[in-house]
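Welcome! Take a moment to look over the sequence and the model, and then let us walk through two regions together.

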Amino acid sequence: MAAEIETMFYTREKPWHGLGVRVENSLSSRDALIAAGLGWDVEQRKIYTEDGYAVHGYFANVRSSDHHTLGVVTKRYKIVQNYEAFAFTDALLEKGVRYETAGSLKGGRKTWILARLPKQYRLAEDKVIPYLVFSNSHDGSAAIKVAMTPVRVVCNNTLNLALQDADRIWSANHTGDIENKLEDARMTLFMAENYMDGLVKESTRLSRKKISDAEAEEYIKMLLPIATDATETMEQNVKKMREDLRIRYYFAPDLQDTGKNQYRFINAVSDFATHAKPLRETKQYQENLFLKTMEGNPLVDKAYRLMLAA
């Protein structure tokens, strides 16, 4: 393997690398939020026109610490403070779950806490650590969500596939009732274990489905098509991305003993989607990558659908 190709496989970090603040020693979600600089509240304020008239039915969600506007919402919107949104996760600490990182995205519009589950899993001989991302939004875009983010230990690739029989994302309540908090915690553990059990079974099935080099090449073209009206520059960019994905499929050190099968291809696509250097790196690139990790990366989802249809 050429040195320049080999180098690309030794700089792979977790998708949230560099985002948020490490909070491993936090004894509660409130401690984690304070450590991460998320101890502020959200206030709802009236919106006025330039000539001083209040805009009926709409309000601005404003961060108390610096009066920064996080979003505009209707009067039906109910503020859920960060400490309220994540309070139910404290019950998970008794089960061995540990907070790892916390932070905010999009200027504070979305806040999140990432926790590591105590159990490791094996997927087609890979060691995988399941993470949970808890997120809350203040711009009216989403409810309180919990998302599975399993990570392969050897390379930091994520494998949150859209399984047919197990949810990878679900919503949580935010009521103050202790019984509801405990029920949400129990549901979270059940959903996490159910998803990981399903992922273990699916990885075994994928690893048994062999694919030829010709099929792999066809999958790459289907994943990264060249538009009929593409300019020469656009065509060359797509060809570069195809070659990057091809290299990851054939030469990634962590895939050499996997065999040429669907599981290997899915991991190559995940590696590409998570770690390939973008053609144009914007200021929001890393945040957008993490959001795709939480919600499910469209490219990985597309690859998985191709595998299911094969």
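Is the crossing of α5 and α6 left-handed or right-handed? It is right-handed, a label used when the near helix is turned clockwise from the far one by less than a right angle, with anticlockwise giving left-handed. Before going on, note that this is a predicted model, where local features need pLDDT of at least 70 and side-chain atom pairs count only at pLDDT 80 or more, while totals for chains, interfaces and linings use all residues. Residues are numbered from 1 along each chain as its sequence is written, and side-chain values use heavy atoms, leaving out hydrogens and water.

Helix α5 covers residues 213–223 and helix α6 residues 232–251; helices (H or I, at least four residues) and strands (E, at least two) are DSSP runs numbered from the N terminus. Their axes come within 10 Å and cross at roughly 140 degrees, with axes fitted to C-alpha atoms over the stretch in contact and angles running from 0 to 180 degrees between N-to-C directions. Among the residues in contact (heavy atoms within 4.5 Å) are I220 and L223 of α5 and L245 and Y249 of α6.

Now turn to the strands. β2 (residues 42–48) and β3 (residues 54–63) pair in the antiparallel sense over six bridges, pairing being called when DSSP finds at least two bridges between two strands. Here R45 of β2 stands opposite A60 in β3. Five residues separate these strands in a hairpin, and G52 in the turn has a positive phi of about 90 degrees.

β3 also pairs with β4 (residues 69–74), antiparallel over five bridges, and N61 has G71 as its bridge partner in β4.
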